[in-house]
Amino acid sequence: MRIDKFLSNMGYGSRKEVKVLLKSKAVEVNGQAVRDPKVHVDETADIVTVGGEKVDYTEFIYLLMNKPQGVISATEDKYDQTVIDLLGEAEQNFEPFPVGRLDKDTEGFLLITNDGKLAHELLSPKKHVDKKYFALIDGVVTEEDGDAFRRGVMLDDGYVTKPAVLEILKSGEQSEIQLTITEGKFHQVKRMFQSVGKEVTYLKRLSMGPLELDPNLQLGEYRHLAEEELEALKQRK
Ligand code: URA
């Protein structure tokens, strides 16, 4: 991998900024100053230092995004902006993808990574990873709806959902709820409410497994997972 890409991936700025860094002679590879951005390094064997500090290369990236409405949970799209378009160049260099999909009009917690194995495990129906949503519902949500969701409801394609937990925060003409599901069927929350004759008018994902949406993240913002968060996710504590 080129040294400029290596350093950009490791958070030393854009390729342009890295070029300036290289010119300043702050970068050494195996003890030799390197100024040429085209020089190749073996990220698993070469020792790269910046200002004397060793740079440890990491293969995987784990980001937590507060997904805004109007953006697609995909790596590319012909018409719409994707969640990957919201990332900086350094993060995009890792070729990450969203773990599962949130609808275009759904906001909230989205994990973005290039760790295919972890993504696969989190999405596997066998692993039953909890996903918690907040929703505004057009219609009066009742305890009977909660009972139905606990038992499982039939969606429009005949699929019967696994037990889900409904918490009614406010019941009225427009209700406020939280719903925890362990699956990720297409439009699942919306279709579950459709099955009891109600419509979801706003949907936000609050959590996935042990991880929660960070209240400090504005819509469209993201941050790297902390080490403890990644550990908890891997162990699904
Ligand atoms: N359920 C939905 O209906 N939409 C989402 O985006 C996520 C879960």
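**Exercise 1. Work out whether Lys117 is buried, partly exposed or exposed in this predicted model, then do the same for its salt-bridge partner.**

Step 1. Lys117 has a relative accessibility of 63%. The cut-off for exposed is over 50%, so Lys117 counts as exposed.

Step 2. Next, find the partner: the side chain of Lys117 meets that of Glu121 in a salt bridge, 3.9 Å from N to O.

Step 3. Glu121 has a relative accessibility of 22%, so this residue counts as partly exposed.

Step 4. Now place the pair. Both residues belong to helix 4 (residues 116-123), where they sit four residues apart, about one turn of the helix.

**Exercise 2. Find which residues are joined with Asp4 into one salt-bridge network.**

Step 1. Salt bridges with shared partners link Arg2, Asp4 and Arg15 into one network.

Step 2. Look at one contact in it: the side chains of Asp4 and Arg2 form a salt bridge of 2.9 Å, N to O.

Step 3. Check the surroundings of each. Asp4 has a relative accessible area of 4% and is buried, whereas Arg2, with 29%, is partly exposed.

Step 4. For another example, turn to Lys54 and Asp56, whose side chains meet in a salt bridge of 2.9 Å, N to O. Here Lys54 and Asp56 are both exposed. The structure holds 13 salt bridges.

**Exercise 3. Identify the residues of the positive surface patch that includes Lys38, and locate Lys38.**

Step 1. The patch is formed by Lys19, Lys23, Lys25, Arg35 and Lys38.

Step 2. Lys38 lies in the loop that runs between strand 2 (32-33) and strand 3 (48-50).

Step 3. With a relative accessibility of 55%, Lys38 counts as exposed.

**Exercise 4. Explain why strand 5 (residues 62-67) is described as largely enclosed, and name the strands it pairs with.**

Step 1. Count the buried residues: six of the six in strand 5 are buried, so the strand is largely enclosed by the rest of the structure.

Step 2. Sort the side chains by direction. Tyr62, Leu64 and Asn66 point one way, while Leu63, Met65 and Lys67 point the other way, and all of them are buried.

Step 3. Look for a neighbouring strand. Strand 7 (residues 106-113) pairs with strand 5 in the antiparallel sense over six bridges, and Leu63 stands opposite Ile112 of strand 7.

Step 4. Strand 13 (residues 222-224) also pairs with strand 5 in the antiparallel sense, over three bridges. In this pairing, Leu64 has Arg223 of strand 13 as its bridge partner.

Definitions and conventions:
Residues are numbered from 1 along each chain as its sequence is written. This is a predicted model: local features need pLDDT of at least 70, side-chain atom pairs count only at pLDDT 80 or more; totals for chains, interfaces and linings use all residues. Side-chain values use heavy atoms; hydrogens and water are left out. Patches are made of residues with over 30% relative accessible area and no salt bridge: like charges are joined within 9 Å, nonpolar side chains (Val, Leu, Ile, Met, Phe, Trp, Tyr) within 5 Å. Accessible areas come from the Shrake-Rupley method with a 1.4 Å probe; for residues, only the protein chains shown count as cover. A salt bridge is a side-chain nitrogen of Lys or Arg within 4 Å of a carboxyl oxygen of Asp or Glu. Lys and Arg count as positive and Asp and Glu as negative; His and the chain ends are not counted. The place of a charge is taken as NZ of Lys, CZ of Arg, CG of Asp or CD of Glu. Helices (H or I, at least four residues) and strands (E, at least two) are DSSP runs, numbered from the N terminus. Buried means under 20% relative accessible area, exposed over 50%, partly exposed in between (1.4 Å probe, protein chains only). Two strands pair if DSSP finds at least two bridges between them.
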